[in-house]
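User: Could you take me through this model by way of its ligand site, a pair of helices and its backbone geometry?

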Amino acid sequence: MTDFTYRLAQKRQLVTELPGPRSLEWARRRRAAVAAGVGSSVPVYAIDADGGVIVDVDGNSLIDLGSGIAVTSVGASHPSVAAAVAEQAAHFTHTCFMVTPYEGYVRVAEALSELTPGDHEKRSVLFNSGAEAVENAVKIARLATGRSAIVTFDHAYHGRTNLTMALTAKTMPYKAHFGPFAPEVYRMPASYPYRDRHGLTGPQAAQQVIDQIEKQIGADAVAAIIYEPIQGEGGFIVPADGFLPTLVSWAKDNRVVFVADEVQTGFARTGEWFASTHEGIVPDLITMAKGIAGGMPLAAVTGRADLLDSVHTGGLGGTYGGNPVACAAALATIETMRQLGLPARAREIEALTKPRLRRLADEIDIIGEVRGRGAMLAIELVHPGTDAPDPFTTKAIAAQALSEGVIALTCGTYGNVIRLLPPLVISDDLLDEALGVLETALRSAAAR
Ligand code: PMP
């Protein structure tokens, strides 16, 4: 393991019940001021965070297995990111790249050309959120192809704006009663090997999708296919081997733009800079956000120069897109990931975690599958002896882990997946301790 250095003690320590009295007081104030539609899965209020821990307002130190949903891969306060933010903020926080451009934006675009898969000529455009990047990838694909249909998939999550809600699969809580949704979005079956009752190979599953696209939409009406190379919110679903390459090759033959949504999988999370590399695909466009800037809001679309440069000047942008402070954070984050070898660290985390969880899966009968890549790992929970999803037990396990000081998030179309997304700079000891807590919670749920 790389020797990481930390500002805060890397320990799990509870000094109150969770939530403690100060968090409860903030919860009271929040109810009177913050919209009820915003949920929080962990009821404690953070005051500090570093490496693998989050400290709350009551002084509890919790182990973080969520990274703020796959964002703080370098930690939530890495000194090089904090220094880059402070340095840039001391000079200028904003000019608007569409008014007075600056170096940081160009440097980030250069770095993205280098880091993303494929050695073709690329261009980038920067935004504030993953959803905004996805919306813009769709705009670019439509303009470049002169076509309007967008193919999305079961279990997909692409955001909460109107167009990205249309692309997202799950209604509750993301879409319910928020329609009408954007038109010309077509949903196809995803590759979900654990739940594929037909036992299709990846290429066979892709061929079924291709047949449906050709029959229902027509290849020459399709602007883009969008896919997460590991479906995130849908349940950390790794597609069957050959599924994505088959789709990508069909897209190429039919001049359909293939968009890899790497908002959650990107930036070292899965053991490669981008998860597309595991699949052996080179996407036409890649959408990115989350891990890109160490917690600062930044997002990007990077892809084929001919596609991005087909857009008229002024057609892409936004007041804050590629904010200079966020760009400084991104450059420091990327440099830190390189220096610390974080893609390799994600593979180490997989090696420390996956075999251990798989051994447990052999012992207890509530685990349907352990899957994922790098530090994006999941446990799918089912009723014993079946593959029927068990969201109730899933919630109970996450709640027990939290009561012991470990933050573990859930996800999945059926709400029955525990997802592990630790900061890549978590220490082996802390990870080991968190996994111990999780194992105990899983065993006691299995014994109920
Ligand atoms: N795409 C994917 C694959 C995501 O996981 C997410 C966020 N969970 C988004 C898009 C939307 O990103 P944001 O929340 O930054 O808009």
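The questions and answers below take up these topics in turn.

Analyst: This is a predicted model, in which local features need pLDDT of at least 70 and side-chain atom pairs count only at pLDDT 80 or more, while totals for chains, interfaces and linings use all residues. Residues are numbered from 1 along each chain as its sequence is written, and side-chain values use heavy atoms, with hydrogens and water left out.

User: How many nonpolar, polar and charged residues does the shell around the ligand have?
Analyst: The residues around the ligand, each with a heavy atom within 4 Å of it, include Ser129, Tyr157, His158, Glu228, Asp261 and Lys290. In the classes used here, Ala, Val, Leu, Ile, Met, Phe, Trp, Tyr, Cys and Pro count as nonpolar, Asp, Glu, Lys and Arg as charged, and the others, Gly among them, as polar. By that division, the shell has 3 nonpolar, 5 polar and 4 charged residues.

User: What percentage of the ligand's accessible area does the protein cover?
Analyst: Among the polar contacts (pairs of N or O atoms within 3.5 Å), polar backbone atoms of Gly130 and Ala131 are each 2.8 Å from an oxygen atom of the ligand, and a polar side-chain atom of Gln264 lies 2.9 Å from a ligand oxygen atom. Of the 390 Å² of accessible area that the ligand has on its own (Shrake-Rupley method, 1.4 Å probe), the protein covers 82%.

User: At roughly what angle do the axes of helices H7 and H8 cross?
Analyst: Helices here are DSSP runs of H or I with at least four residues, numbered from the N terminus. Residues of H7 including Val209, Ile210 and Ile213 meet Phe243, Thr246, Leu247 and Trp250 in H8, where contact means heavy atoms within 4.5 Å. The axes, lines fitted to C-alpha atoms over the stretch in contact, with angles running from 0 to 180 degrees between N-to-C directions, come within 7 Å and cross at roughly 35°.

User: Which peptide bond, with omega near 5°, is cis?
Analyst: Most peptide bonds are trans. The bond from Leu18 to Pro19, in contrast, is cis with omega near -10°, and Pro19 lies in the segment before helix H1 (21-33). Pro180 is placed in the loop between helix H6 (162-167) and strand S6 (185-188), strands being DSSP runs of E with at least two residues, and the cis bond with omega near 5° is that from Gly179 to Pro180.

User: Which residue has a positive phi although it is not a glycine?
Analyst: Most residues other than glycine have a negative phi. Within helix H2 (residues 67-70), the residue with a positive phi of about 70° is Ala70.

Technical notes
Polar contact = N/O pair within 3.5 Å; in protein donor to acceptor, adjacent residues only side chain to side chain.
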